[in-house]
Amino acid sequence: MRTALVLGGTGMLAGCAQRLVARGWQVVLPSRTQPLMADDGPGRAARASISRGHRPTWVKADWAKPEELASEVEYELQGRPVNLLVAWVHESYRVGVMRAVRHLLAEDAPVVEVHTHAPVPDPVLAHPTQQVLLGHFAHDAAQRTTRAVLDAVERALEGRAPSLHHEDAR
């Protein structure tokens, strides 16, 4: 089973996380609080085995403690590599968090980074990176965000050259 690590997946990336699960990915969502859509990891609570693969797996994490975040994700993965990283991390934590999780990525794992402010910074990791710059949306922000990020995920998984795409309703 392919594994995706979605950083920021409990907010505006929730739709992306849910779509990846629906496509058969194991999705790990680190965050401070457990989202309603997620399931506890196997080491954290007993649960029916049928739920695995149908919901993202949540691990408790704090952006301000990137090494602990990476350790919790590593524990959850039980030695499996991350095949896709999707990240929407606040700029003040971005570099630290991305560097902390890089050792969890498979050698060929693509990265999708989501940003909301220009100029878009250079990628942190030496992995092929698709970047999305989200603009302003008058309505349907969650749907537009999900579509834009999933488009970037598709480009990444197809092995397309790294690029930046701007999604804006204006």
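Which strands and which helix do the buried residues of helix 2 pack against? In this predicted model, they pack against strand 1 (3–7), strand 2 (26–31), strand 4 (57–60) and helix 3 (91–101).

Helix 2 comprises residues 66–77. Its 12 residues should span 16 Å at 1.5 Å a residue, and the end C-alpha atoms are indeed 16 Å apart, which agrees. The buried residues of this helix are Pro66, Leu69, Ala70, Val73, Glu76 and Leu77. They lie on the same side of helix 2, because they cover an arc of only 125° around the axis. On the other side of helix 2, Glu67 and Glu68 are exposed. Just after helix 2, Gln78 adopts a positive phi of about 50°.

Side chains of opposite charge can pair when their charged atoms come close. Five salt bridges are found in the whole structure, including the following.

| Salt bridge | Closest N to O |
|---|---|
| Glu154 and Arg23 | 2.4 Å |
| Glu91 and Arg94 | 3.9 Å |
| Arg94 and Glu113 | 2.6 Å |

Glu113 lies in strand 6 (residues 111–115) and Arg94 in helix 3, so their pair ties together parts that are 19 residues apart in sequence. Salt bridges with shared partners join Glu91, Arg94 and Glu113 into one network. Within helix 3, Glu91 and Arg94 are separated by about one helical turn, because they are three residues apart. Arg94 counts as buried at 4% relative accessibility, as does Glu113 at 2%, whereas Glu91, at 46%, counts as partly exposed.

The remaining pair in the table has Glu154 bonded to Arg23 by a salt bridge. Glu154 belongs to helix 4 (residues 141–157) and Arg23 to the loop between helix 1 (14–22) and strand 2, so the pair ties together parts that are 131 residues apart in sequence.

Technical notes. Residues numbered from 1 in each chain as written. Predicted model: local features only at pLDDT ≥ 70, side-chain atom pairs only at ≥ 80, totals over all residues. Heavy atoms only, no water. Helix = DSSP H or I, 4+ residues; strand = E, 2+ residues; numbered from the N terminus. Expected span 1.5 Å × (residues − 1). Buried < 20%, exposed > 50% of the residue type's maximum accessible area, 1.4 Å probe, protein only. Arc of directions from axis to C-beta. Contact = heavy atoms within 4.5 Å. Salt bridge = Lys/Arg side-chain N within 4 Å of Asp/Glu carboxyl O.
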